[in-house]
Amino acid sequence: EWYRHGLAEAPVGRMVATLDDAAAAISASGTPVRLLAVLAVPSDAVLFGVFLAGSAQIVAQTCDRAGMSAQRLTPAAGVHLRTK
């Protein structure tokens with residue numbers, strides 16, 4: 001989980017594209033990372049992201065590269081995302 005306060009008001013699509021580009025660049029250098037989901041909660045002014053990566057450090061590097069450094073990173077044991 002990646003948490004960032006104050007970004008929920010910005011267009012989510014643009015942020016997702018920026019994070020995807022950063023993840024692709026990090027992955028191209030041999031360190032796989034993938035953005036799985038983003039949840040914006042404008043009423044709380046927060047944005048949450050779920051990444052698939054080998055470590056929280058890789059996610060931090062990805063967010064830094066995107067210009068959206070995480071205020072909190074929480075490693076997860078598992079995530080279930082419904083696609084249908």
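**Exercise 1. Find the residue in β3 that stands opposite Val-33, then work out how the two strands pair.**

Solution. Start with the pair itself: Val-33 faces Ala-53 of β3. Keep in mind as you go that this is a predicted model.

Next, place that pair in its strands. β2 covers residues 33–41 and β3 covers residues 46–53. The two strands run antiparallel, with eight bridges joining them.

Now look at the link. β2 and β3 make a hairpin, and four residues sit between them. One of the turn residues, Ala-45, has a positive phi of about 55 degrees.

**Exercise 2. Put that hairpin into the whole chain: what pattern do the helices and strands follow?**

Solution. Count first: there are two helices and four strands. Then walk along the sequence and you get β-α-β-β-α-β.

For a feel of how the chain folds back on itself, take the contacts between residues at least 6 apart in sequence: 61% of them join residues at least 24 apart.

**Exercise 3. Check the span of α1, then decide where its buried residues lie.**

Solution. Length comes first. α1 takes in residues 12–28, which makes 17 residues, and its first and last C-alpha atoms are 24 Å apart. That's close to the 24 Å expected at 1.5 Å a residue.

Now pick out the buried positions: Met-15, Leu-19, Ala-22, Ala-23 and Ile-26. Looking down the axis of α1, these buried residues fit within an arc of 100 degrees, so they line one face of the helix.

Flip to the face turned away from the buried side, and you'll meet the exposed residues Gly-13, Arg-14, Asp-21 and Ala-28.

Finally, step just past the end of α1: Gly-30 there has a positive phi of about 105 degrees.

**Exercise 4. Which residues have the most contacts inside the largest nonpolar core, and which elements supply that core?**

Solution. The core holds 14 residues. Those with the most contacts inside it are Leu-19, Val-33, Phe-51, Cys-63, Ala-66 and Met-68.

Then trace the suppliers. α1, β2, β3 and α2 (56–65) are the elements that each give two or more residues to this core. The largest share, five residues, is from α1.

Val-33 ties things together here: it's on that most-contacts list, and it's also the residue standing opposite Ala-53.

**Exercise 5. How much of the protein is buried, and what supplies its exposed area?**

Solution. Take burial first: 26% of the 84 residues count as buried, with under 20% relative accessible area as the cut-off. Then turn to the surface. The protein exposes about 5200 Å², and carbon and sulfur atoms supply 53% of that.

Definitions and conventions
Residues numbered from 1 in each chain as written. Predicted model: local features only at pLDDT ≥ 70, side-chain atom pairs only at ≥ 80, totals over all residues. Heavy atoms only, no water. Buried < 20%, exposed > 50% of the residue type's maximum accessible area, 1.4 Å probe, protein only. Contact = heavy atoms within 4.5 Å. Areas by Shrake-Rupley, 256 points an atom, 1.4 Å probe, with all protein chains shown as cover. Expected span 1.5 Å × (residues − 1). Arc of directions from axis to C-beta. Pairing = 2+ DSSP bridges. Core = buried A, V, L, I, M, F, W, Y, C linked by side-chain atoms within 4.5 Å.
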